[in-house]
There are 2 protein chains.
Amino acid sequence: MTKKQLIMEKSIELFASQGFDATSVQQITEHCGISKGAFYLSFKSKDELILALIDHFMMETVSSIDYLVINANDKDKLLYDFYYLCFDSVNQHSESALIFIKEQTHHLNDELISKMHYYNQLIEKSILSIIEYVYDDTVQYTKYDLVYCIQGFIKTYMELFFFYNLPADFDTLCKSLVEKTNVLARHTTIPFLSQNLIEMIKQPLNTGIAKEQIIQMIEQDIDEIEESIEKESLILLKEELERPALSRALIKGLLENIRHQVQCKTTFYVLKSYFNFE
Amino acid sequence: MTKKQLIMEKSIELFASQGFDATSVQQITEHCGISKGAFYLSFKSKDELILALIDHFMMETVSSIDYLVINANDKDKLLYDFYYLCFDSVNQHSESALIFIKEQTHHLNDELISKMHYYNQLIEKSILSIIEYVYDDTVQYTKYDLVYCIQGFIKTYMELFFFYNLPADFDTLCKSLVEKTNVLARHTTIPFLSQNLIEMIKQPLNTGIAKEQIIQMIEQDIDEIEESIEKESLILLKEELERPALSRALIKGLLENIRHQVQCKTTFYVLKSYFNFE
DNA sequence: TATAATAATGACTAATCGGTCACGTGTCAA
DNA sequence: TTGACACGTGACCGATTAGTCATTATTATA
């Protein structure tokens, strides 16, 4: 584990229990067992750490959802799986999730707020494709409202688990939410969010991840994965990033090779976005 | 306007645009055009200001909702009116509302977090009575879920208005939400939140408002209201607070006198809670 | 083993914070 | 005119902060 990863993991614990502002760099370094100077060897500033944490957690979440959608083959199950993934992943990474529930709209600076917008839009895009896949054209006019209702369900019930330590019967919860979603999809007729409104809201998705970061992600995957077609594909994709040479068809093919690889789902998602596929 | 009110109003603007921690007492006093010392004549600490702001805004909101429920006479309209009230009041007090969206779960201290829980429960209670009034026994098993769904709707669409400056067609939005609520009430069969779970969550509602604060609220109402039965009732209620003497029947009667008085709705609500009526 | 390169340290700085307090300033009644 | 009093002031305090940098420890290389 690199020092960077250590700092990220340890700082999450502190941020979650105290909040950003209330946690000093001193506390973080003590909690890591390193010196203050070592911190600034890994991160230029405290803000950079925060941005890195957001990137890490949100990419993890977004790519998990994307993986679910891409590999879906059961319309009835997809929505359930999606809900379950949301609650389960947040439950497992409860500390890091807690940060983002706490500091959702806390804009330390413009960079942070635009980052959150960026990831929010990615998630909305995923939910929309779930809806379109599950309900086809039957929700043509109400699908955008449906996206926001689903987000509302998740947000509200999520808070319940955070505020009070409820016994986590995610199965019942998700079945209940799937039913609610189905009911809304089937019976609502009055939309609020029209295509026009959505277009107004949409902003250019330009806050992507830097090429160097992607390369680092690939390298980490390469280290963890065993000798295989997938590993070879990753190596080739990394070379492509460093020195573009291959045709789009070849790149697409390499991506397809790691498409179903769970360990690489985040890398796959990032690469897909980077090369503008889909 | 007292100095206290001035500070509260001006500080809201700063808190809304920067957050609590990022706003210094220095900034607040400069923005008010007063000195740092003058601040500490009105408030013991920065935290006390924050608590006062929360009390003010939440009591305003809760009592508005309560006023709506108490004076309701049209089942079909109540839900619409409720949604409209939420969006409209938040829209009007957008700056103060923004604080609570931002710092929802930001616990500077335990007092703040328990205060937020307290007000959350009051709102949930109001929503529950709306549901019970509108849908009778037809939602016996799903009514608690309905409460959380309604909260989810409000929260999610509210953020939409904050993040992006949407043209505020509250009428369409509320009609759309009423339909969604009706659909859920009519068709959902799988509850997640049972009576038992709700009981587990419930906490004693003991974070009320101090007697001195109530007296101050009454005094302010007395100043603003013209000579009338209502004013006389307020004066008598104030005396009752200072020196308890009247029977419960008499107090209840005095409260009834100001029940429909819009200007006093917060005071009415607080007094009702104080004297344990309803 | 000797030397160069890199990683890590923690005392230090400058700035900012919430909060205090000795000191005006203006307004009364006596 | 005087003195009592409340209101208001801003320089000041100790504590804490993010961030720096001269110094030391460790590792790699020759």
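This short talk covers the surface around DNA strand D and then three single residues in a predicted model.

Some conventions before I start. Because this is a predicted model, local features need pLDDT of at least 70 and side-chain atom pairs count only at pLDDT 80 or more, while totals for chains, interfaces and linings use all residues. Residues are numbered from 1 along each chain as its sequence is written, chains are lettered from A and ligands numbered from 1 in the order in which they are written, and side-chain values use heavy atoms, with hydrogens and water left out.

I begin with the DNA. There are 15 residues around strand D, and those that come nearest are Val25(A), Lys36(A), Tyr40(A), Lys46(A) and Ser35(B). Near here means that a heavy atom of the residue lies within 4 Å of the strand. Of the atoms of DNA strand D that come within 4 Å of the protein, 51% belong to sugar and phosphate.

Now the polar contacts, meaning pairs of N or O atoms within 3.5 Å. The side chain of Tyr40(A) has an N or O atom 3.1 Å from a phosphate oxygen of strand D. For Lys3(B), a side-chain N or O atom is likewise 3.1 Å from a phosphate oxygen of strand D. Gly37(B) uses a polar backbone atom, which is 3.4 Å from a base oxygen of strand D.

Which elements give two or more residues to this surface? They are helix H3 (36–42) of chain A and helix H3 (36–42) of chain B. H3(B) gives the most, with 4 residues. Helices here are DSSP runs of H or I, at least four residues, numbered from the N terminus.

By class, the surface near strand D has 5 nonpolar, 6 polar and 4 charged residues. Nonpolar covers Ala, Val, Leu, Ile, Met, Phe, Trp, Tyr, Cys and Pro; charged covers Asp, Glu, Lys and Arg; the others, Gly among them, are polar.

Next, the single residues. Thr266(A) is in helix H14 (residues 265–274) of chain A. Is Thr266(A) buried or exposed? Its relative accessibility is 11%, so Thr266(A) counts as buried; the cut-offs are under 20% for buried and over 50% for exposed, with partly exposed in between (1.4 Å probe, protein chains only). Leaving out residues up to four places away in sequence, Thr266(A) touches Met59(A), Glu60(A), Ser63(A) and Met217(A), where contact means heavy atoms within 4.5 Å.

In chain B, Asp136(B) has a positive phi of about 50° although it is not a glycine. Asp136(B) sits in the loop between helix H7 (110–135) and helix H8 (143–163), and is partly exposed at 44%.

Asn276(B), also not a glycine, has a positive phi near 60°. Asn276(B) lies in the segment after helix H14 (265–274) of chain B, and counts as exposed at 63% relative accessibility.

Terms used:
Polar contact = N/O pair within 3.5 Å; in protein donor to acceptor, adjacent residues only side chain to side chain.
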